[in-house]
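Trainee: I have a model open and some questions about it. Can we go through them one by one?

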Amino acid sequence: MSKIVTNNITPRSGSSVGLTGDLAVSGNITGGAVSGTTGTFTGNVSVGGTLTYEDVTNIDSVGLITARSGIRIGTGGTVGPASAGIVTYYGDGSQLTGIQVGTRDFVGFGTNITARKAVGLGSDGTIRAIKVVGSVFAVGSAVQFEAGGSFDLSSAYSTTDNKLVTLYRDYGDGNKGKSVVSTITGDSVSFGNVVEFGGASTKNTSIAYDPDTDRVVGHYIDVANTNYPTWTVGEVQSTQVSWGSTSSHYSNNAGNGETAVVYDTTNNKIVLIWGNDAGPELKTFTGDVSGGSSNTLNLGSSQEIGSNAPGHLTALWHAANSRTVVFFEDITDSNKGKYSVGTYNSSGSGNAQTWSTPTAFTTGAIDVIKSAYDSTNARMIIVYRDTANSSYGTARVGSLSGDTITWGDAVVFNSGDTENIACSWDSVAEKVIIVYKDAGNSDKGTCVIGTISGGNKRTITFSDEAVFNSSSTSTVDVGFDVNAQKTLITYSDGGISGDGKGVVITDLGGSGSTNLTTENYIGLAVAGISSGATGSVTIPGGISSGHTGLTTARTYYVQTDGTLATSAGNPSVVAGTSLSDTEILIR
């Protein structure tokens, strides 16, 4: 074979040298900088050293790829194995997002799954709240007090007479306003004579007791008098009420507005609250109750809480802070739940309150709403129909500081359409009793018991539901008899022409069992999970945050109701170890 040895090959044209056949090189090919050119290879290219490049479309490597300055996916993509391989990340992982560490998603089952609440794993793979199940209260026999439709029920307890006084409108008698007094003996109730307090059509009744004059104050809308808001004062005499005359305190049509009435035990004042949905306005009067034979009120000037169009409303007296608190549905703001705090203005002229600006406690719409005061923990409990969440029965617990309420999580107590709700605080058992019409269960009259817990006393858990009336139920109300240490539910039995009835509820001291076992505890819910919905649970090895009042470096145990404590429950189940006053490492 011949060869050519030369220092340079230059064609006459001065252009590049091209090859039409193969070029085989056994040594090196060395060239200067080449720009604006493209090399195309139809076969394989083997590089024994390092290949340096600026841009590439795809890399399919059978070996290791080392990227000196990192890997960037410009418009999004996936870093991961093509099949069932393993991806290993180096470093502490602090810059990784979208990766679930220390938690796992589960489908919820039942009610009461709330943030930082212990949950158990069921045999079907769903999770449910750890709670007390079974019977924790007994339901007595129903006793009739009115043979006809009894609606707009409301009750107050007379501490002097040891009686509950219930107001209602008698649908079977022209919707007249009437009252009845109950006496509880053991597990039974008896009712005194029914007495009219308004001679014509009424609606939206409310009632409060004044212990200083031993009088009850009724508040209602007088339908027969152009829907004017009206009051009346009465005295319990044996087993019935002797009412004084009625008086319209505001000459304006309140439309379908509801009423509330609260007694201020610090300043010995009565506070009347009512809504005018046509105004729109939410208004109040403050005044004094006159006892003796007059049975009257001396009221100051009317005050407007806000130019909101209130729908449903409720109010309570916060004894620890000496405040009146009203909760209402604000129709003008997408039916959100709101509250305002009233402080008696002793330096002003006449009887008056200073009201805070209404503040929302829900982000979605509600309608029916009732409230109760937890005298043990100085907390407020509100129960409402959450129309933004399939009309489920929902409760929240709040603590008051100044004019501001700090709320615990919203907890569902009935995963179904919940109507005509009422609630009352049992100061002996230190629990709240909630009664309602379960529209999702053939309108049956139903009740649950709620327990306040947690380091900040803003956590609420519920017993199993119990049916107190298996027929269709309309209006419901509930009151606690301190002397008898029993709860009385009054309701309209729609299954029997709406007859007014009462039934005694007896707390059994939490004698129900728990669904907690030594094996089913799986962790703490990250947030509330509705039945059938998917949510995250902090599982063993993960850190649950957002707690309050934990003691650092202590072992916490799951209690029978799903709360946490430093002492073991029965059964003894370790929840985890506290890392701080807000975090717990799940074990």
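Trainee: Which residue in the turn between S32 and S33 has a positive phi?
Mentor: Keep in mind that this is a predicted model. S32 and S33 form a hairpin, with 4 residues between them. In that turn, a positive phi of about 55° belongs to Gln-485.

Trainee: How many bridges join S32 to S33?
Mentor: Strand S33 covers residues 486–493 and runs antiparallel to S32. One bridge pairs Asp-481 with Lys-486. The count of bridges joining S32 to S33 is 7.

Trainee: Which residue in S32 stands opposite Lys-444?
Mentor: Strand S30 (residues 444–453) is joined to S32 by 4 bridges. The two strands run antiparallel. Opposite Lys-444 in S32 stands Ser-472.

Trainee: How many residues of strand S32 are buried?
Mentor: Strand S32 spans residues 466–481 and is mostly covered. Buried here means under 20% relative accessible area. Of its 16 residues, the number buried is 12.

Trainee: Which residue takes a positive phi in the hairpin of S6 and S7?
Mentor: S6 and strand S7 (residues 163–170) pair in the antiparallel sense over 7 bridges. Tyr-157 stands opposite Leu-164 in S7. The hairpin has 4 residues between the strands, and the positive phi, near 55°, is that of Asn-162.

Trainee: Where does Glu-146 find its opposite residue in S34?
Mentor: Strand S6 (residues 143–158) is mostly covered, with 12 of its 16 residues buried. S6 is also joined to strand S34 (residues 499–507) by 4 antiparallel bridges. Opposite Glu-146 in S34 is Gly-500.

Trainee: What is the strand order in the open sheet of 5 strands?
Mentor: The pairing is antiparallel. At the edges sit strand S38 (543–544) and strand S40 (564–565), each pairing on one side only. The order is S38-S42-S41-S39-S40.

Trainee: What is the bridge partner of Ile-543 in S42?
Mentor: Strand S42 takes in residues 584–586. S38 and S42 run antiparallel, joined by 2 bridges. The partner of Ile-543 is Leu-585.

Trainee: How far from Asp-426 is the nearest side chain of opposite charge?
Mentor: Asp-426 lies in strand S28 (residues 411–426). Asp-426 is buried yet has no salt bridge. A salt bridge needs the nitrogen within 4 Å of the carboxyl oxygen. The nearest side chain of opposite charge is that of Lys-431, at 7.7 Å.

Trainee: Which backbone nitrogen lies 3.0 Å from a polar atom of the Asp-426 side chain?
Mentor: Look at the surroundings of Asp-426 first. Leaving aside neighbours within four places in sequence, Asp-426 is in contact with Lys-431, Phe-480, Thr-487 and Asp-507. The backbone nitrogen at 3.0 Å from its side chain belongs to Val-428.

Trainee: How many residues apart are Arg-116 and Asp-409?
Mentor: Their side chains meet in a salt bridge, 3.3 Å from N to O. The pair links distant parts of the chain: Arg-116 is in the loop between strand S1 (103–107) and strand S2 (118–121), and Asp-409 is in the loop between strand S27 (404–407) and S28. Their separation is 293 residues.

Trainee: Is Arg-215 buried or exposed?
Mentor: Arg-215 and Glu-235 meet in a salt bridge of 3.6 Å, N to O. Glu-235 sits in strand S12 (residues 228–237) and Arg-215 in strand S11 (residues 215–222). Glu-235 is partly exposed, at 23% relative accessible area. Arg-215 has a relative accessible area of 7%, so it counts as buried.

Trainee: What is the N to O distance between Asp-330 and Lys-338?
Mentor: Asp-330 is buried, and Lys-338 is buried too. Their side chains meet in a salt bridge. The N to O distance is 2.9 Å.

Trainee: How many salt bridges does a search of the whole structure find?
Mentor: Some are linked in a network, made up of Asp-170, Asp-173, Lys-176, Lys-178 and Glu-196. The search of the whole structure gives a total of 20.

Trainee: How many disulfides are there?
Mentor: The rule asks for two cysteine sulfur atoms within 2.5 Å. Cys-423 counts as buried at 10% relative accessibility, and Cys-447 counts as buried at 1%. The disulfide count is 0.

How values were computed:
Residues are numbered from 1 along each chain as its sequence is written. This is a predicted model: local features need pLDDT of at least 70, side-chain atom pairs count only at pLDDT 80 or more; totals for chains, interfaces and linings use all residues. Side-chain values use heavy atoms; hydrogens and water are left out. Buried means under 20% relative accessible area, exposed over 50%, partly exposed in between (1.4 Å probe, protein chains only). Two strands pair if DSSP finds at least two bridges between them. Lys and Arg count as positive and Asp and Glu as negative; His and the chain ends are not counted. A polar contact is a pair of N or O atoms within 3.5 Å; within protein, one must be able to donate a hydrogen and the other to accept it, and residues adjacent in sequence count only if both atoms are side-chain atoms. Contact means heavy atoms within 4.5 Å.
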